[in-house]
Structures are given as C-alpha cells and as structure tokens.
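Subject: Structure handover

Hi,

Here is the structure for you to take over. My notes on it follow below.

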Amino acid sequence: MCDNTIPTAGRPKAIGLLVLCLAVSGCAPDEFPLKAENEALKKQVSRQESLLTSLQDGNKVMQQQIDLLNQELRDAKQATESAKASTARLSELLDDQLAQAKRMNAEIQRTAAAQAAQNVKIDDKGAQFDTLSRPLGTVAKVVEEALSRNGYQLKVGIKTEQKAVYITDRKISNPASLEVAGFRNQYLISLQALPANVTKLGVKAEFEKVAQGGRILSVSAEETADIERRLIGEIGKALEAPGKT
C-alpha cells in the first residue's frame, strides 16, 4: 500500500511519485468490480438468449403438433361427413329397393291370383244365381263374413278385381239359419264383377243327409237348392245392413 504521509517541503516531488506509484501499481479501486459485474451480466444475457432460443424452438415444435392435430381433425371430419353421405345414399337405395320389391311382390300376387282364378274350373251346373247391386269387393267381404259366422272354413279363396271363388271344407254342424242337425254340406261360391258396380253371385252346395251310423241318405235337388238359396238370402240381407256400400 502507498504511504500518503509526505513532508511539506517535498510535496511536489512526492505528488509526482504518488502518481507514478498509482500508475505502476494499478491501484484503481472501482475497475475490478465493474468488470466482474459486466461479465456476470454478459453471462446472464447469454443464458437468457439461449433460453429464449429454446423457447422459440419449443413453440415451433408445439405449433407443428397443433397444425398436425388440426389437419387430422379436418380429415376425420371430412371422412365422417363422407361416411354419413354414403350411409344416407345406401339407405335411400335400400328403401327404393324394398319399395320396388313390395310392388313386385304385390304384382306377382295379383298376377298369380288372376291366373288361378282363370284356371279354376267351376262346375256351377245346378247352382243358384243372383245379381247384387254392389261392387265385387263389398260382396266378397260379406260372403266371407257369412261363411265364418256359420262355421265354414275356407279350403280355397281366390279374389281378383273381376272374379272371386270360394270353396269351403265339408262339415257337419247345426248353424242357426243355413242347415239343420245331421246335414253335411260344402259350398262352392263364385263372384263375377259386372258393369255399373253390379256383382253376379253363384252358390252351389254339395248337400248330404247323414243318418245314424254315418249312412248317407239321398237328397232331392229341391232340398239342395233350398240350402243354396238360404246362403244367398243371408248374403243379400247382410248387404242391406247400414254401412254396406
């Protein structure tokens, strides 16, 4: 350390020596702290710059991942919408095919019924006939109701827009209005549509009397005709009921 105690007479020379001593020894009290602080600040700035660079790089990677996810979401949405549209088209096509199949099935049934009606050979010799002022559909419904009401089961039932044919099972019964106990009967009924909503009705009965032990008795033509007229009368009466058009 430099000695600052100098005699008064030698002060000018001492001052010179002091300046020289300071210059040679480098005794600058503030220079070292400033350099150290400056170096520390430089290192801190460098670390901050490195951290900022890392954050920027991380943000770029994050943004790339976000863009990729957004693209995948857009692709998934488009695929879903495309699948929905495809499903809707397939559903419409299926509905059209089902409707077409139903139409074809109905047409096939109508054609088959018409052909069957044409091919059925009806032996209506000896049958009783009547002409009814009602359309064929109405008469056919009443015929079916009358047969069911009197306990007759249908063996054959064919109905088209122009014709209808019904053949019942043979049975023994005691209906209230058509037969009496111990009689066995089977009906063949034909309907023919005529102009002006008129229907021709034909009824033929295979009527038999059954004696004890199952012996078949002879039946006159008049007795059979009476059974046929009974069914025709019941059908006509039902057609006159309110609501039958």
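Along the sequence, the chain runs α-α-β-α-β-β-β-β-β-β-β-β-α. That gives four helices and nine strands. Please keep in mind that this is a predicted model.

Confidence, in brief. The average pLDDT of the chain is 80. A score of at least 70 is reached by 77% of the residues. Two stretches need care. Over residues 1–6, pLDDT stays under 50, and the model has five contacts there beyond four places in sequence. Residues 19–24 also stay under 50, with two such contacts.

Overall packing. The chain has 245 residues, and 22% of them count as buried. Take the contacts with a separation of 6 or more: 56% of these join residues 24 or more positions apart.

Now the strands around β7. Seven of the eight residues of β7 are buried, so the rest of the structure largely encloses this strand. What does β7 pair with? One partner is β6, antiparallel, over eight bridges. Another is β1, also in the antiparallel sense, over five bridges. On the β6 side, Ala-193 stands opposite Thr-199 of β7. On the β1 side, Phe-129 has Gly-202 of β7 as its bridge partner. The face of Phe-129 also carries a charge: Lys-200 lies over it, at 4.9 Å from the ring centre. β6 and β7 form a hairpin, with three residues between them. In that turn, Ala-196 has a positive phi of about 60 degrees.

Next, the open sheet. Its four strands come in the order β4-β5-β8-β9, with antiparallel pairing. β4 (171–172) and β9 (216–217) are the edge strands; each has a single partner, so one side of each has no neighbour in the sheet. Two bridges join β4 to β5. Lys-171 has Asn-185 of β5 as its bridge partner. Lys-171 also lies over the face of Tyr-152, at 4.2 Å from the ring centre. As for ring-ring pairs, the count comes to one aromatic pair.

Two helices are worth a look.

α3 first. Its 14 residues should span 20 Å at 1.5 Å a residue, and the end C-alpha atoms are 20 Å apart, so the two agree. Its buried residues include Leu-136, Val-139, Val-143 and Leu-147. The spacing fits a simple rule. Residues three or four places apart point the same way, because an α-helix has 3.6 residues a turn. The buried residues of α3 pack against β1, β2 (154–159), β3 (163–168), β6, β7 and α4. Gly-151 follows α3 and has a positive phi, near 80 degrees.

Then α4, residues 221–239. This helix has 19 residues and reaches 27 Å from its first C-alpha to its last, close to the 27 Å expected. Which residues of α4 are buried? Among them are Thr-224, Ile-227, Glu-228, Leu-231, Ile-235 and Leu-239. Glu-234 is buried as well. The buried residues of α4 pack against β1 (128–132), α3 (136–149), β5 (183–185), β6 (187–194) and β7 (198–205). β1, β6 and β7 thus appear in the packing of α3 and in that of α4.

Over to you.

Best wishes

Conventions
Residues are numbered from 1 along each chain as its sequence is written. This is a predicted model: local features need pLDDT of at least 70, side-chain atom pairs count only at pLDDT 80 or more; totals for chains, interfaces and linings use all residues. Side-chain values use heavy atoms; hydrogens and water are left out. The expected span of a helix is 1.5 Å times one less than its number of residues. Buried means under 20% relative accessible area, exposed over 50%, partly exposed in between (1.4 Å probe, protein chains only). Contact means heavy atoms within 4.5 Å. Two strands pair if DSSP finds at least two bridges between them. Rings of Phe, Tyr and Trp (its six-membered ring) pair if their centres lie within 6.5 Å; planes under 30 degrees apart count as stacked, over 60 as edge-to-face and the rest as tilted. A charge sits over a ring if NZ of Lys or CZ of Arg is within 6 Å of the ring centre and within 35 degrees of the ring normal. pLDDT is the predictor's confidence in each residue, from 0 to 100.
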